[in-house]
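Visitor: I'm new to this one, and the whole thing is a bit much at once. Please pick one spot, look at it closely, and then show me what it connects to.

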Amino acid sequence: MMDDFGLYPRDEQFDPFSVMLFKALQIVAFFFFIAVLAISPDAKDGKIDTKAEFIITLDWPDNHPDDLDLFVQDPLGNIAWYRHREAGFLTLDRDDRGGANDFILVNGMKIPSPIREEIVTVRGIVAGEYTVNVSHFQAVAGTPVDAMVKVQKLNPKAQVIFDDKVTLDHTGDEKTALRFRLDAEGKVVDVQRRPKSLLETFRDVRANGADIDPKTGVRMLR
């Protein structure tokens, strides 16, 4: 027979302990593989992880027709606003125009968005005073608007440093929601509401004959 020539492997003696050990090693290897996947960052071309130190939000009632604007100035004089959305470490992530052309795209169709919200993120630490103002760009409803301004510090843990209401009642109205000061480590050392007009800063630039300020990117026409 062919087996007499040793062409077929012979059955070795069954060892249940070895089989159990092998299966256990397989399970350990499987869980190790899952753990590696869980802790490994996604390697996606072109993906940039953004980091924010603070998030500043302005909210007013849903479906409200009025257009409010958020202005944030850093200690260096940079101002993030609808005409200059990136200024230093400041970024205006969302500009909401109230009832004027406020839509979202769903399957290629424009659908009116009820949300009224503007967001500025602070992506780095500069010691000094920050000013957060709200401007009533266009009053359509003809009645005062109550808006909420919130400032959240994100690192090392989430902390709300301000959450309060401002009321605006006519086109061109400007209110200082708050002014807060950071130390060199990014710690909030002072929060107060002493008024400061950022629109006056723009008017001063224009009065001096400068069409575009190199620091704020000011353009007076929307």
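Guide: Let's start at N63, which is exposed, with a relative accessible area of 54%. "Exposed" here is over 50% relative accessible area, "buried" is under 20%, and partly exposed is in between, all with a 1.4 Å probe and protein chains only. This is a predicted model, so keep in mind that local features need pLDDT of at least 70 and side-chain atom pairs pLDDT 80 or more, while totals for chains, interfaces and linings use all residues. Residues are numbered from 1 along each chain as its sequence is written, and side-chain values use heavy atoms, with hydrogens and water left out.

N63 sits in the loop between strand 1 and strand 2 (67-73). Strands (E, at least two residues) are DSSP runs, numbered from the N terminus. What makes N63 worth a look is its backbone: phi is positive, about 65°, although N63 is not a glycine. Most residues other than glycine have a negative phi, and most peptide bonds are trans. On the peptide-bond side, look at N155 and P156, which are joined by a cis bond with omega about 0°. P156 lies in the loop between strand 10 and strand 11.

Now follow the chain past strand 2. The loop between strand 2 and strand 3 holds D74. Unlike the exposed N63, D74 is buried, at 5% relative accessible area. Its side chain has two backbone nitrogens in reach: that of L76 at 2.9 Å and that of G77 at 3.0 Å. Those are polar contacts, meaning N or O atoms within 3.5 Å, one able to donate a hydrogen and the other to accept it; residues adjacent in sequence count only if both atoms are side-chain atoms.

The strands on either side of N63's loop belong to two sheets. Strand 1 is part of an open sheet of six strands, ordered 4-5-8-1-10-11, with antiparallel pairing. Strand 4 (86-87) and strand 11 (159-168) are the edge strands, each pairing on one side only. Two strands pair if DSSP finds at least two bridges between them. Strand 10 (residues 145-153) and strand 11 run antiparallel and are joined by nine bridges. As one example, D146 has T167 in strand 11 as its bridge partner.

Strand 2 is in an open sheet of five strands, also with antiparallel pairing, in the order 3-2-9-12-13. Strand 3 (79-80) and strand 13 (188-192) each have a single partner strand, so one side of each is left without a neighbour in the sheet. Strand 13 pairs with strand 12 (residues 174-182) in the antiparallel sense over four bridges. Along that pairing, L182 stands opposite V188, and R181 stands opposite D190. The hairpin of strand 12 and strand 13 has five residues between the strands, and there G186 takes a positive phi near 90°.

Let's finish with the aromatic rings. The whole structure has six aromatic pairs. One of them is F54 with F180, a tilted pair at 5.7 Å centre to centre and 40° between the planes. F54 is in strand 1 (residues 54-59) and F180 is in strand 12, so to speak a link between distant parts of the chain, 126 residues apart. For the labels, rings of Phe, Tyr and Trp (its six-membered ring) pair if their centres lie within 6.5 Å; planes under 30 degrees apart are stacked, over 60 edge-to-face, and the rest tilted. F54 counts as buried at 1% relative accessibility, and F180 counts as buried at 1% too.

F180 has another ring partner, Y130: their centres are 5.1 Å apart and their planes at 5°, so this pair is stacked. Y130 belongs to strand 9 (residues 128-138), and the pair again links distant parts of the chain, with 50 residues separating Y130 from F180 in strand 12. Both Y130 and F180 are buried. Elsewhere, F71, W81, Y82 and F137 form one aromatic cluster.

So our walk began at an exposed residue, N63, and took in F180, a buried one.
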